[in-house]
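Here's a quick tour for anyone opening this one up for the first time. Have a look around, then read on.

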Amino acid sequence: MSATFDVKARRSALETKRIVSSAVGWGLCGLAFLLVAVPLLDLVLTITIKGASAFSISLFTTSSNGVTGGLLAAIVGTAVLSLGSLVFAVPIGVGAGMYLSEYGQNRLGSVIRFLSDTLTGMPSIVLGYFSYITMVIGLGWQFSALAGAITLAIMVVPYLARITELSLQRVPVQMREAAYALGAQERTVAFKVVLAAGAPGVITGVLLGLAISVGETAPLIYTAGWSNYLWNGKLTNQPIGYLTYVIWTFINQPYKSAHALAFAAALLVMLVVLAINIGVRVVLRPRT
Amino acid sequence: MKRQAKRLNLFRLTLTSIAIVIPVSLIIIVVFLGQYAWQAIGFNGIRFLGTIDWSLGNLYMNPVVTRGYQVPIGADYGILAFIVGTLFSSLLALLFALPVAVGTAIFLSEAAPDRVRPVLSMLVELVAVVPSVVFGLWGIYVLAPLISHYIGPGITAVLGFIPFFNMNNSTGSGFGLLAAGTVLALMITPIIATTLYDALRQVPLDLRESAVALGATRFEVVTKIMMPTVRITLIGGVVLGLGRALGETMAVLMVSGGALNYLPKTIFTPISTMAAFILSQLDSALQDPTNMAVKSLAEIALVLFVITLGVNAVARMIVRGATFVRNI
């Protein structure tokens, strides 16, 4: 589709106007793209430069002490919370996705689909507040790794369910039919044929869920709390630190060391989130 | 044969019960929030939504019985300022995001060369995955000073005769409505842009060819033929973005300036949104021995949830079949 048309005759005023306004229009569209891309690049650059200058060996080997020290406890905490959330989210999310894809073409399926999308749209702070009322206070867990991980899991499950559903639906019906024809049971077909064939999509979902968990802040503040100390393995009644908390609170402290830690934490979080997102797009998406 | 049939049902039953966990957890969340906020709903009544004074009352004196509930003396919970802050910042974000998103989607779909299109569209998608708190950090470090030193004085110079756009009527720190709206705009632009981009790519080739055959320039094909075709999807994307903006917490909390008990007088005035307020006020609300403040926060969470639920439901009805999860 070539953009220009060779017109031999002299252009009329109207034609000139149309050509000029088209050019202006394309220019504005390009400008709009720059308005999205430039802030992203600026954000990535700013945080990379400021964060990398705060990197040192001790950043990864010591824990924060007030507003100085390293990020070891926070890094471990983020890993515990986000991997812990997957422990709950993967079986439920993948199972629900399998149901929706294999047996969900009915009324119950569409109800679950609708409510799952509703849950995805729920503001994370509302979810955090719910967890605070129920788990932190109601069950008496206090600020804890378990309350934080379950809260994150509730956020991740609907994503995971829908991504699983989408990727399993793309497995050809013939594969299911062939397996049934060989006498396979429903369970075998679901796990060994459908889930195996759709695995790349499901893994994508799990990784994206991990990225969401690593970058979340609001729902953790009133469920996981904050701690300067390395996680000691207790699931309840023991607050736990995490990287996003460092970003949020340390940037508001009037100390250089605090700002350096905030940027270092932001760089770590951003690296993980961007690496996962770029990775799944480059590796797993066949771009047509 | 009979035994096998029974096993099949067990497998299905297990999957079904796992799937049901999702709607059940949603219902549990709403029920618990509602139950927890119940006393606050009774105490606050409709004034909750219509007044701007949020006061915990005197926490050092014994609580008194007001309107049938035990509350601290002088306690009053009105969230109008936060509702206004939420709506203003989200609408401002939409105002910025809509033209930018439309331009971006057209650029990606029609102007970007085929070879770099995947990279450029990934760039736009990546804006949507940057964690909220990282946006907030960037807002504090880059955007707020930018507004305070350049954008604010610029707007004041051009539109300063309108009090609403005059920075001299505010603290001039850069933290406020404009900063919140800008960060939100940046966060929802990719949502609208990718929804629109996907739709533009699916416009039938016949339509474009017919328009070109009639002598339309390529830009006219886009504006006069393709955009009208995808307008419903665009509206859905906008509403979806609005839903995200209304509930956004961290980034807004970090750049909004955290206002309490006043309505924004200018675009530079500090504001608070409902989501940011819940997060920032829980600590002080916990000081209230009667728990009415904490319960009123739960009521805010409930109101916020109902609003976003409505917005998202509308978006979903418009974009039928579209999901939050992009087709990866």
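## Chain A at a glance

Let's start with how much of chain A is tucked away: buried residues make up 51% of its 288 residues. Keep in mind as you read that this is a predicted model.

What does the outline of chain A look like? Along the principal axes, its C-alpha atoms fill a box of roughly 80 × 65 × 35 Å. The radius of gyration of chain A is 25 Å, while a compact globule of 288 residues would come out near 19 Å.

## What chain A is built from

Chain A has 12 helices and 2 strands. If you walk along the sequence, the pattern goes α-α-β-β-α-α-α-α-α-α-α-α-α-α, so to speak in shorthand.

How far apart in sequence are the residues that touch? Take the contacts in chain A with a separation of 6 or more: 77% of them are between residues 24 or more positions apart.

## Two domains in chain A

Chain A splits into domain 1, covering 13–53, and domain 2, covering 57–284. Measured out over C-alpha atoms, the centres of these two domains of chain A are 33 Å apart.

How many residues of domain 1 of chain A are in contact with domain 2 of chain A? There are 5, and they meet 5 residues of domain 2. On the domain 1 side of chain A, the residues that touch domain 2 break down into 2 nonpolar, 2 polar and 1 charged.

## Two loop residues with positive phi

A bit of background first: most residues other than glycine have a negative phi. In chain A, A:Gln142 goes the other way, with a positive phi of about 60° even though it is not a glycine. You'll find A:Gln142 in the loop between α5 (124–138) and α6 (145–169) of chain A. Is A:Gln142 exposed or partly exposed? A:Gln142 is partly exposed, because it has 15 other C-beta atoms within 10 Å.

A:Asn237 is another non-glycine residue with a positive phi, this time near 55°. Its place is the loop between α10 (218–221) and α11 (243–250) of chain A. A:Asn237 has 11 C-beta neighbours inside 10 Å, so it counts as exposed.

## Over to chain B

Chain B is also divided into domains: domain 1 runs over 1–36 and domain 2 over 80–327. Between the centres of domain 1 and domain 2 of chain B, taken over C-alpha atoms, there are 36 Å.

One helix pair in chain B deserves a look. Helix α3 (residues 80–111) and helix α6 (residues 177–201) of chain B pack at an angle of about 35°, and their axes are 6 Å apart. The crossing of α3(B) and α6(B) is right-handed. Sorted by class, the residues in the contact of α3(B) with α6(B) come to 21 nonpolar, 7 polar and 1 charged.

## Where the chains meet

Now put the two chains together. Chain A brings 80 residues to the contact and chain B brings 74. Which part of chain B gives the largest share of its side? That would be helix α1 (residues 2–44) of chain B, with 18 residues.

And what kind of residues does chain B put there? The side of chain B that touches chain A has 53 nonpolar, 16 polar and 5 charged residues.

Methods: Residues numbered from 1 in each chain as written. Chains lettered and ligands numbered in written order. Predicted model: local features only at pLDDT ≥ 70, side-chain atom pairs only at ≥ 80, totals over all residues. Domains from an automatic or database assignment. Contact = placed C-beta atoms within 7 Å. Nonpolar A, V, L, I, M, F, W, Y, C, P; charged D, E, K, R; others polar. Helix = DSSP H or I, 4+ residues; strand = E, 2+ residues; numbered from the N terminus. Rg over C-alpha atoms; globule rule 2.2 N^0.38 Å. Buried ≥ 20, exposed ≤ 12 C-beta atoms within 10 Å, placed from the backbone. Axes fitted to C-alpha atoms, helices over the stretch in contact; angles between N-to-C directions. Left-handed = near helix turned anticlockwise from the far one by under 90°.
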